[in-house]
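Work through these exercises with the structure open. Try each task before reading its solution.

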Amino acid sequence: MAILVIAEHDNAVLAAATLNTVTAAQAIGGDIHVLVAGSGCTAAAEAAAKIDGVSKVLVADDAIYAHQLPENIAPLIVGLAKGYSHVLAPASTNGKNYLPRVAALLDVDQISDIIAVEGADTFKRPIYAGNAIATVQSSAPIKVISVRTTGFDPASAQGGSAAIEQVAAAGDAGKSTFLGEEVAKSDRPELGSAKIVISGGRGMLSSDNFQMLYTLADKLGAAVGASRAAVDAGFVPNDLQVGQTGKIVAPQLYIAVGISGAIQHLAGMKDSKVIVAINKDPEAPIFQVADYGLVGDLFEVIPELEKLV
Amino acid sequence: MSLARFASAQSNLFEGDEESMKVLVAVKRVVDYNVKVRVKPDNSGVDLANVKMSMNPFCEIAVEEAVRLKEKKVASEIVVVSIGPNAAQEQLRTALALGGDRAILVETNDELGSLAVAKLLKAVVDKEQPQLVILGKQAIDSDNNQTGQMLAALTGYPQGTFASKLEADGDKIKVTREIDGGLQIVELALPAVITTDLRLNEPRYASLPNIMKAKKKPLDILKPEDLGVSLSSSIKVLKVEAPAERSPGIKVASVAELVEKLKNEAKVI
Ligand SMILES: Cc1cc2nc3c(=O)[nH]c(=O)nc-3n(C[C@H](O)[C@H](O)[C@H](O)COP(=O)(O)OP(=O)(O)OC[C@H]3O[C@@H](n4cnc5c(N)ncnc54)[C@H](O)[C@@H]3O)c2cc1C
Ligand SMILES: Nc1ncnc2c1ncn2[C@@H]1O[C@H](COP(=O)(O)O)[C@@H](O)[C@H]1O
């Protein structure tokens, strides 16, 4: 039995999500191979070869994989998948984009967002915004699985020395073209893997007020997140949304500021180790999941907090 | 975009030679997003008895986008399709009240996986030959986030998932997508599959006259057998449990107390 893990990377840097996915593969058990599909992705492939527990790295280096367009990357993975018992990818927006396309081309069901491995064919995954956890068993000949990275510790990025093997590109499907992207560059840690996350909600009232959270975050080495309401109102960009339909985070410390705690928001953060809620409404549902709740006006609390930490 | 192409896109919009663009929208009947579901005591599933059911919110966004394309005269006809129990007619009628032209229910009481749903939708696509298929990015019950991508695979169409903006342009469509790092823009050849994200639009409410009119719009009922699709699934649900409860927390009286607790008790800062 061998498992194929699809690497998340931007050609130069291997994303941390790849490491969590390798841990999920280790829990299943078997030889672990990593596919790095990209363009000019040697650095990412070399990083993948160093992951502890990986025995082989497959590299498909071609301009058509530069942005991992699903129309092009899915046939590549399908061509390789036949030799594997499992195909795993992180449940990133990238993985979510191409992996179901792979599953359908293989004519197998996909299991999305696993948070635990119970056996080689049995997995746990949240449903209904995390209000229920299903244990599911798959009899598919190739098990296609996306991995919720917060469910698995990262594998060690050092210690491995896997062989790197080039694989041929599968050709351009010619149906989609990458036109551009707007990706915010920030010196703050990545939301998905930060140890501390500070999120703001509708209570922040404006984009300018988020500056208070950025200042506090920089003092704590934290990432900044947001509720859907804050994103919809245009206070912050979409990639900051935490929740059922945004990013899933599970940091050591999550500080919710001016967030009411709707189930869709809780779904994205309630596995955090310590939760702090700052809200002027003592009845806000966020207090039901908070380890430390502070009832107060965020415009007084946050500046004071920034002084004291 | 080149000037020539821009001009042709404009003339399409104004002269309406895009009038042939048929849009298919897939809508799912799900537990209303305000309901906090409970797990059944025997761990066989969640308790759906007497629970409010609605159209999946991402499907509302899909219907709204189709209606806007029709209002811009980019789309000519909107066909809404649902796969589910007889009661899913309610959600189809809602979609018709919002601006759909006709509806198809593929009636089944089985709880289908995304692959089976995608296969049924593929059969409907084969019959209807739409230029654009719009789905939600995720059903808020299964939280699968698979069906649109699978339908794209089965039809061989390109996919624009997690869309926050669509710009039809002749035989192509430009899709702005919400991705982990921000936004990505891709151009897809039509026919194509789109899945909606939250920022694509803000769905309207159906007006009373439109709800009345929707009752007279055509709604066909098919069975999966009529479409010749096998619904077998390789996934078995062994049990469904409630998530682990968090132990109750405390209220702190001041910022100073909060900082003290975080430093000395939780040791997280
Ligand atoms: C399909 C769907 C998907 C969704 N996905 C997500 C998701 O992924 N993530 C997500 O977050 N939401 C999601 N939502 C939205 C969710 O239901 C809530 O609407 C949203 O989380 C509310 O955001 P909020 O808590 O910031 O705003 P509100 O609910 O309006 O709460 C604002 C809070 O701020 C407090 N406040 C106001 N002023 C102050 C002040 N000066 N000081 C202190 N406190 C103050 C108020 O007391 C209130 O509790 C989704 C909804 C749907 C339908
Ligand atoms: N039973 C169904 N009937 C119609 N559309 C569906 C059905 N199941 C899923 N879909 C569509 O696929 C989208 C994503 O669902 P899922 O992949 O299950 O998360 C939904 O928003 C719908 O547009």
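## Exercise 1: A bridge between chains

The side chains of D291(A) and R246(B) form a salt bridge, 2.8 Å from N to O. The model is a predicted one.

Task: Find where the two partners lie, and decide whether D291(A) is buried or exposed.

Solution.
- Step 1. Place the partners. D291(A) sits in the loop between β15 (274–279) and β16 of chain A. R246(B) sits in the loop between β12 and β13 of chain B. The pair therefore crosses between chains.
- Step 2. Judge D291(A). The cut-off for buried is under 20% relative accessible area. D291(A) has 16%, so this residue counts as buried.
- Step 3. Judge R246(B). At 22%, R246(B) counts as partly exposed.

## Exercise 2: The interface as a whole

Task: Describe the contact between chain B and chain A: how many residues does each give, and what area is buried?

Solution.
- Step 1. Count residues. Chain B gives 77 residues and chain A gives 84 residues.
- Step 2. Take the area. The two chains bury about 6800 Å² between them, with 54% of it on carbon and sulfur atoms.
- Step 3. Find the top contributors. D180(B), R246(B) and V255(B) supply 11% of the area that chain B buries against chain A, more than any other three residues.
- Step 4. Count the polar links. Between the chains there are four salt bridges. One of the salt bridges joins D107(A) and K119(B), at 2.7 Å from N to O. There are also 48 residue pairs in polar contact, both residues at pLDDT 80 or more.
- Step 5. Name the elements on the chain B side. Those giving two or more residues include α4 (114–128), β8 (172–179), β13 (250–252) and α7 (255–265) of chain B.
- Step 6. Sort the residues. The side of chain B that touches chain A has 41 nonpolar, 17 polar and 19 charged residues.
- Step 7. Look for strand pairing. β16 (residues 292–295) of chain A pairs with β13(B) in the parallel sense, over three bridges. Within β13(B), I250(B) is the bridge partner of Y292(A).

## Exercise 3: A helix under cover

Task: Explain why α1(A) is described as largely enclosed.

Solution.
- Step 1. Count. Of the 13 residues of α1(A), 10 are buried, so the helix is largely enclosed by the rest of the structure.
- Step 2. Name some. The buried residues include A17(A), L19(A), V22(A) and I28(A).
- Step 3. Find the cover. Among the covering elements are β1, β2 (31–38), β4 (86–90) and β9 (143–147) of chain A.
- Step 4. Look just past the helix. G29(A) takes a positive phi of about 95°.

## Exercise 4: A histidine before the helix

Task: Locate H9(A) and list the polar contacts of its side chain.

Solution.
- Step 1. Locate. H9(A) lies in the loop between β1 (2–6) and α1 (16–28) of chain A.
- Step 2. Check burial. Its relative accessible area is 9%, so H9(A) is buried.
- Step 3. See what surrounds H9(A). Residues it touches include L14(A), V36(A), C41(A) and Q68(A).
- Step 4. List the polar contacts. The H9(A) side chain reaches the backbone nitrogen of N11(A) at 2.8 Å. The side chain of Q68(A) is in polar contact with that of H9(A) at 3.1 Å.

## Exercise 5: Bridges within a chain

Task: For R148(A) with D113(A), and for R204(B) with E64(B), find which parts each salt bridge ties together.

Solution.
- Step 1. Take chain A. The closest N and O atoms of R148(A) and D113(A) are 3.4 Å apart. R148(A) lies in the loop between β9 and β10 (163–166), and D113(A) in strand β5 (residues 110–114), so the pair ties together parts 35 residues apart in sequence.
- Step 2. Check burial. R148(A) is buried at 13%, and D113(A) is buried at 10%.
- Step 3. Take chain B. R204(B) and E64(B) come to 2.8 Å between the closest N and O atoms. R204(B) lies in the loop between β10 (192–196) and α6 (208–214), and E64(B) in helix α2 (residues 57–71), so parts 140 residues apart in sequence are tied together.
- Step 4. Check burial again. R204(B) is partly exposed at 31%, whereas E64(B) is buried at 4%.

Methods: Residues numbered from 1 in each chain as written. Chains lettered and ligands numbered in written order. Predicted model: local features only at pLDDT ≥ 70, side-chain atom pairs only at ≥ 80, totals over all residues. Heavy atoms only, no water. Contact = heavy atoms within 4.5 Å. Buried area = accessible area lost by both parts, 1.4 Å probe. Polar contact = N/O pair within 3.5 Å; in protein donor to acceptor, adjacent residues only side chain to side chain. Helix = DSSP H or I, 4+ residues; strand = E, 2+ residues; numbered from the N terminus. Nonpolar A, V, L, I, M, F, W, Y, C, P; charged D, E, K, R; others polar. Pairing = 2+ DSSP bridges. Buried < 20%, exposed > 50% of the residue type's maximum accessible area, 1.4 Å probe, protein only. Lists of a residue's contacts leave out its neighbours within four places in sequence.
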